[in-house]
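Colleague: I am new to this structure, and I would like to go through it with you slowly. Could we take each term together with the rule behind it?

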Amino acid sequence: MRWLVLSIFTLMSWLAVAVSPAIAGGPQPDPPREPNGLALTPPMGWNSWNHFGCNISEQTIRAAADAIVSSGMKDAGYRYVVIDDCWHGPRDAEGNITADPTRFPSGIKALADYIHSKGLKFGIYSDAGTKTCAGRPGSRGHEYQDAQTYASWGVDYLKYDWCHTGTQNGQSSYELMGDALRASGRPIVFSLCDWGSNKDWLWAKNVGNLWRTTGDIYDGWESRDGRQNGMTNIVDMQADLAHYAGPGHWNDPDMLEIGNGGMSAEEYKSQFSLWAEMAAPLMAGNDLSTMSAETRSILTNREVIAVDQDALGAQGQRVFKDGDREVWSKPLKGGGRAVVLFNRGAQASRIAADWNMLGYPQGIPMRVRDLWRHADLPRANGSFAAEVPPHGVVMVRIDN
Amino acid sequence: MKRLRILLTILACVLTAGTLLAESPPPRAPNGLALTPPMGWNTWNKFGCTINENLIRQAADAMVASGMRDAGYTYIVIDDCWQGQRDASGNIQPDPQRFPSGMKTLGDYIHSKGLKFGIYSDAGKLTCGKRPGSWGHEYQDARTYASWGVDYLKYDWCSTYTQDAPSTYETMSDALRATGRPIVFSICEWGVNKPWLWAKNIGNLWRTTDDIYDHWSGQDGYQHSVLAILDLQVGLDGFAGPGHWNDPDMLEVGNGGMTSEEYRSHFSLWAMLAAPLMAGNDLAGMSADTKAILTNREVIAVDQDPLGVEARRVAKDGDYEVWARPLKGGGRAVLLLNRSAAAHAITVNWADLDLPASLRLKVRDLWAHKNLPDAHGSFTADVPSHGVAMLRME
């Protein structure tokens with residue numbers, strides 16, 4: 001009988017110690033976070049930075065909102081109008097952030113209301129450190145205040161940068177703002193912008209909706225001096241990350257440069273096709289009110305957008321590479337594939353995609369539709385090949 | 001035009017890269033506070049999570065009535081479990097059952113007694129007692145504390161998961177300074193991230209170990225006895241100085257788990273370590289013996305010496321140790337510690353004090369409050385078991 005009493009006592013003591021909160025000592029596991037339910041397809045919109053940089057005002061943003069509608073971009077699926085860095089004024093006496101009164105004299109709420117009146121959504125920018133990259137006040141130490149402020153303004157999307165963070169831990173810093181956004185009660189898409197430096201794909205799945213995987217893109221085909229990330233450099237850096245992405249949580253290879261003049265039309269088509277193939281956010285970064293017909297037709301290619309927005313939410317991967325000739329494959333809902341034949345070379349080249357590259361049995365005949373020519377091609381059995389222009393793509397949808 | 005755009009783009013990228021590379025923040029200056037180790041009283045060791053405003057008022061009253069205030073104890077520090085919920089704007093409120101009069105009223109009462117007001121929070125999502133932590137609310141909370149008249153913040157490290165300690169403590173340090181109110185900043189992350197390496201201009205004192213418990217020797221889980229903590233201070237003395245102190249945790253003097261001799265040793269050692277003297281007992285009910293220990297002005301004067309140099313262990317022979325610290329004016333405070341189970345003679349040699357053997361020194365016993373005969377070359381005393389001899393030599 002005594003052994004029973006002793007055993008029960010020991011068990012209870014053990015339970016008391018195990019269950020009691022550790023006052024000091026080892027860390028306790030963070031309660032797991034749920035997804036926030038947003039961005040079930042990659043977000044589409046426009047961001048001020050690539051074209052305007054720090055030179056923004058409420059007029060620029062209103063004009064962009066107008067142009068998204070009048071150009072047909074809104075109808076094609078572009079929704080978020082995102083103000084990047086340089087909108088900030090000082091913090092007030094309570095520590096709440098205000099807008100630069102010269103650039104945004106009507107205030108942010110009025111601007112958000114305008115954007116909403118166009119049937120669009122409103123995005124804003126901040127930074128996890130003491131200052132933004134352009135030296136405006138950062139959100140560090142003010143996360144809950146700032147999230148409440150953004151919610152009160154009607155913000156739908158927050159891009160959160162990583163400058164001036166010193167020794168801050170990336171995961172906890174982004175978890176904190178993620179928690180603050182949820183506490184605001186307003187659904188706000190959370191875009192992590194720490195340039196992959198914290199390996200976000202490993203932990204950010206239920207923290208944010210998209211995470212930058214690399215340093216900033218610049219408007220060029222490839223790096224000029226080894227330090228800048230041209231479009232193709234960024235593409236290469238996405239290898240091995242595809243399986244981390246899915247509905248609600250996307251890899252972000254940075255914004256589109258289409259229409260900014262640093263690449264050829266063929267190269268811009270390649271960027272758009274590859275971004276769609278990679279289930280990337282489609283954030284236009286050009287001046288929408290002055291874009292050429294060609295730029296607009298690239299950005300509003302609905303068939304390519306449909307690949308990007310495919311409900312399966314599987315990120316495409318490079319399944320074949322031979323020198324400058326690449327084949328990319330993206331599984332689509334319903335069992336089909338989006339296939340990009342990508343020619344990185346300086347001469348036109350014939351590129352073939354075998355069915356085994358796409359994960360199909362070899363003998364199956366499939367329908368093939370060219371997503372740039374908007375034409376059905378003859379059925380293919382076992383492989384599909386095409387002549388691909390230099391720095392260009394052929395992008396097809398393959399199903400049965 | 002395209003060339004200009006390329007140039008501007010390159011310039012923008014270089015500037016951005018420059019900004020990204022130049023990540024080191026501007027160096028911080030000291031906040032000018034705690035030029036001697038803070039002295040006061042904290043609720044935790046005696047009362048834990050069971051606190052209310054009456055308890056605090058009584059402690060403030062007892063601090064005065066007992067003579068502790070006159071002996072130099074200034075801060076009344078409310079530890080964990082005072083918090084209620086955050087309001088709709090995210091501002092922290094006190095627990096309305098425990099602190100119905102509010103914190104400003106309590107702060108005013110403390111100030112009316114000629115004392116200073118300390119409070120507690122945590123650098124993570126929750127305090128160790130599971131109340132709301134300050135993570136993400138640093139500037140709001142600092143402003144709230146300043147509006148209440150807080151003079152001292154103890155900032156704990158529970159529920160911090162993967163947070164980086166230096167930047168986390170920097171944020172609250174900056175938030176406190178931004179209020180414009182001088183607030184002593186007590187860093188309490190238990191030495192996990194070696195705060196002595198980085199906290200000098202961020203906080204005024206930093207815990208160097210896990211929590212103390214009311215015991216002379218040994219360890220109980222994460223809790224450390226007096227001797228366990230003492231041994232962990234070795235090597236840290238060089239990091240302390242006026243405005244920035246190692247913190248070997250609060251005093252247990254008077255809490256009943258040690259003998260009077262052991263409490264005397266605990267108090268003496270803390271004074272040698274230039275440690276904050278934060279009493280952790282029930283002030284209203286303390287015995288004469290406890291009061292005599294805590295208000296020993298000669299020992300307190302060693303702790304509060306303006307030179308602010310922490311003691312080193314200068315000699316050790318098994319259970320017999322000699323600790324010494326230089327004092328302003330050129331003298332030395334010397335402590336002979338007997339860790340063994342029996343009384344024993346312990347000798348300090350002048351060489352251990354970096355003094356020439358021929359130097360004649362006046363010797364004063366800081367517990368007997370007596371001048372002893374002058375000495376040179378060495379000094380020997382019979383030290384009781386678990387006891388100390390504490391001397392001022394100049």
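Colleague: What distance separates the centres of domain 1 of chain B and domain 2 of chain B?

Modeller: The centres, taken over C-alpha atoms, are separated by 30 Å. Please keep in mind that this is a predicted model, in which local features need pLDDT of at least 70 and side-chain atom pairs count only at pLDDT 80 or more, while totals for chains, interfaces and linings use all residues. Residues are numbered from 1 along each chain as its sequence is written, and chains are lettered from A and ligands numbered from 1 in the order in which they are written.

Colleague: Where do the two domains of chain B lie along the sequence, and what makes up the contact between them?

Modeller: Domain 1 of chain B covers 39-303 and domain 2 covers 312-393, with bounds that come from an automatic or database domain assignment. In the contact, 16 residues of domain 1 meet 16 residues of domain 2, where two residues are in contact if their C-beta atoms, placed from the backbone, lie within 7 Å. On the domain 1 side, the elements of chain B that give two or more residues are α9 and α11 (297-303), and the largest share, seven residues, comes from α9(B). These element names follow DSSP runs, numbered from the N terminus, with helices (H or I) of at least four residues and strands (E) of at least two.

Colleague: What makes the largest nonpolar core a core, and which residues have the most contacts inside it?

Modeller: A nonpolar core is a set of buried Ala, Val, Leu, Ile, Met, Phe, Trp, Tyr and Cys residues joined through C-beta atoms within 7 Å. The largest one has 207 residues, and those with the most contacts inside it are A:Ile68, A:Val81, A:Val339, A:Leu341, B:Ile76 and B:Leu335. Its largest share, six residues, comes from helix α9 (residues 260-272) of chain B, and domain 1 and domain 2 of chain B each supply at least three residues. Leaving aside residues up to four places away in sequence, B:Leu335 touches B:Ser268, B:Leu269, B:Met272, B:Trp323, B:Val388 and B:Met390.

Colleague: How do you know whether A:Met231 is buried or exposed?

Modeller: The rule counts other C-beta atoms, placed from the backbone, within 10 Å of the residue's own: 20 or more is buried, 12 or fewer is exposed, and anything in between is partly exposed. A:Met231 has 27 such atoms, so it is buried. This residue is found in helix α8 (residues 231-237) of chain A, and the residues it touches, beyond those up to four places away in sequence, include A:Trp221, A:Glu257 and A:Gln271.

Colleague: Why is B:Ser378 given its own class of exposure?

Modeller: B:Ser378 has 13 C-beta neighbours inside 10 Å and therefore counts as partly exposed. B:Ser378 is in strand β19 (residues 378-383) of chain B, and among the residues it touches, not counting those up to four places away in sequence, are B:Thr347 and B:Trp350.

Colleague: Why are α6(A) and α7(A) called oblique?

Modeller: Axes are lines fitted to C-alpha atoms, for helices over the stretch in contact, and angles run from 0 to 180 degrees between N-to-C directions. Angles under 35 degrees count as roughly parallel, over 145 as roughly antiparallel, 65 to 115 as roughly perpendicular, and the rest as oblique. Helix α6 (residues 143-153) and helix α7 (residues 170-183) of chain A cross at roughly 45°, their axes coming within 8 Å, and α6(A) and α7(A) are therefore oblique to each other.

Colleague: What makes α3(B) and α5(B) roughly parallel?

Modeller: Helix α3 (residues 53-65) and helix α5 (residues 103-112) of chain B pack at an angle of about 10°, with their axes 10 Å apart, and are therefore roughly parallel to each other. The contact is made by B:Glu53, B:Ile56, B:Arg57 and B:Ala60 of α3(B) and by B:Leu106, B:Tyr109 and B:Ile110 of α5(B).

Colleague: What is phi in B:Ala274, and where is the place of this residue?

Modeller: B:Ala274 has a positive phi of about 50° although it is not a glycine. Most residues other than glycine have a negative phi. The place of B:Ala274 is in the loop between α9 and β12 (277-279) of chain B, and with 25 C-beta neighbours inside 10 Å it counts as buried.
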